[in-house]
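Student: Hi, have you got a few minutes to go through a model with me?
Tutor: Sure, pull it up and ask away.

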Amino acid sequence: MRSRSRRGASAIETALLAPVALVLLGGFLEYGWYFLQEMNLNAAVRESGRIAAGAPVADDPTATFKAELEAELTRRGMAHMEHASTSWVSGDAGARLLNIQVSVQFPGLTGLVPVPSAIKKSVTTRLEDQEPL
């Protein structure tokens, strides 16, 4: 049987270490969620850009990209997050490029540790040369 002073010491040690353990656990959860959302955004932007790059020449690649991005974010469960995207076409007729920048507001999960407030992705892809339908 433990002495009374030893039981009191255990209680104090637990009281001192429990907040540290909770903050660490919160940090693991927060950054795990952040990296998952970052991977989802990366995949959504990449897939939307790929589809827009292969669109027929008659279609506006920036409009195609925005429509596909909305669909991809919905499929990946990110439609509820505030987001803004910018896309433009640059280059000459021989090498037209679709430039994409997307920013999604990241609200955080627990608020125990500081995390970035936004996830940003930039992609540049070459538009395929296709004849209009």
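What follows is a chat about this predicted model.

Student: Okay, basics first: how many helices and strands are in the protein chain?
Tutor: The protein chain has two helices and three strands. In sequence order the pattern is α-α-β-β-β.

Student: What does the C-alpha trace span along its principal axes?
Tutor: About 85 × 25 × 20 Å for the protein chain. The radius of gyration is 24 Å, whereas a compact globule of 133 residues would come out near 14 Å.

Student: And how much of the protein chain counts as buried?
Tutor: Of its 133 residues, 29% count as buried. The accessible surface of the protein chain is about 8500 Å², and carbon and sulfur atoms account for 60% of that.

Student: Let's do the strands. Which way do strand 1 and strand 2 run?
Tutor: They run antiparallel, with eight bridges joining strand 1 (residues 83–90) to strand 2 (residues 97–105). One pair to look for is Ser87, whose bridge partner in strand 2 is Ile100.

Student: How many bridges are there between strand 2 and strand 3?
Tutor: Nine, and the pairing is again in the antiparallel sense, with strand 3 covering residues 118–126. Here Leu98 has Thr125 in strand 3 as its bridge partner.

Student: Switching to the helices: where is Leu41?
Tutor: Leu41 sits in helix 1, which covers residues 4–53.

Student: Is Leu41 buried or exposed?
Tutor: Leu41 counts as buried because its relative accessible area is 0%, under the 20% cut-off.

Student: So what is Leu41 in contact with, leaving aside neighbours within four places?
Tutor: Leu41 is in contact with Leu73, Met78, Val102, Val104, Ile119 and Lys121. Of these, Val102 and Val104 fall in strand 2, while Ile119 and Lys121 fall in strand 3.

Student: Nice. What about Leu69, where is that one?
Tutor: Leu69 is in helix 2. With a relative accessibility of 0%, Leu69 is buried as well.

Student: And which residues does Leu69 touch?
Tutor: Beyond residues up to four places away in sequence, Leu69 touches Ala44, Val45, Ser48, Ser85 and Val102. Val102 is also in the contact list of Leu41. As for distance, the C-alpha atoms of Leu69 and Arg46 are separated by 9.3 Å, with their positions 23 residues apart along the chain.

Student: There's a Glu72 in helix 2 too. Buried or exposed?
Tutor: Glu72 is buried, at 6% relative accessible area. Helix 2 covers residues 61–75. Apart from residues up to four places away, Glu72 touches Ala44, Glu47 and Ser48. Ala44 and Ser48 are touched by Leu69 too.

Student: While we're on charges, how far apart are the mean positions of the positive and negative ones?
Tutor: They are 18 Å apart, for 13 positive and 14 negative charges in the protein chain.

Student: Last one: where is Leu112 found?
Tutor: Leu112 is in the loop between strand 2 and strand 3. Leu112 counts as partly exposed because its relative accessibility is 49%, and exposed needs over 50%.

Student: And what is Leu112 in contact with?
Tutor: Not counting neighbours within four places in sequence, Leu112 is in contact with Leu22, Gly26 and Glu30. Leu112 and Leu25 are 87 residues apart in sequence, yet 9.4 Å apart in space, C-alpha to C-alpha.

Key:
Residues are numbered from 1 along each chain as its sequence is written. This is a predicted model: local features need pLDDT of at least 70, side-chain atom pairs count only at pLDDT 80 or more; totals for chains, interfaces and linings use all residues. Side-chain values use heavy atoms; hydrogens and water are left out. Helices (H or I, at least four residues) and strands (E, at least two) are DSSP runs, numbered from the N terminus. The radius of gyration is taken over C-alpha atoms; the globule rule is 2.2 Å times the number of residues to the power 0.38. Buried means under 20% relative accessible area, exposed over 50%, partly exposed in between (1.4 Å probe, protein chains only). Accessible areas come from the Shrake-Rupley method with a 1.4 Å probe; for residues, only the protein chains shown count as cover. Lys and Arg count as positive and Asp and Glu as negative; His and the chain ends are not counted. The place of a charge is taken as NZ of Lys, CZ of Arg, CG of Asp or CD of Glu. Two strands pair if DSSP finds at least two bridges between them. Contact means heavy atoms within 4.5 Å.
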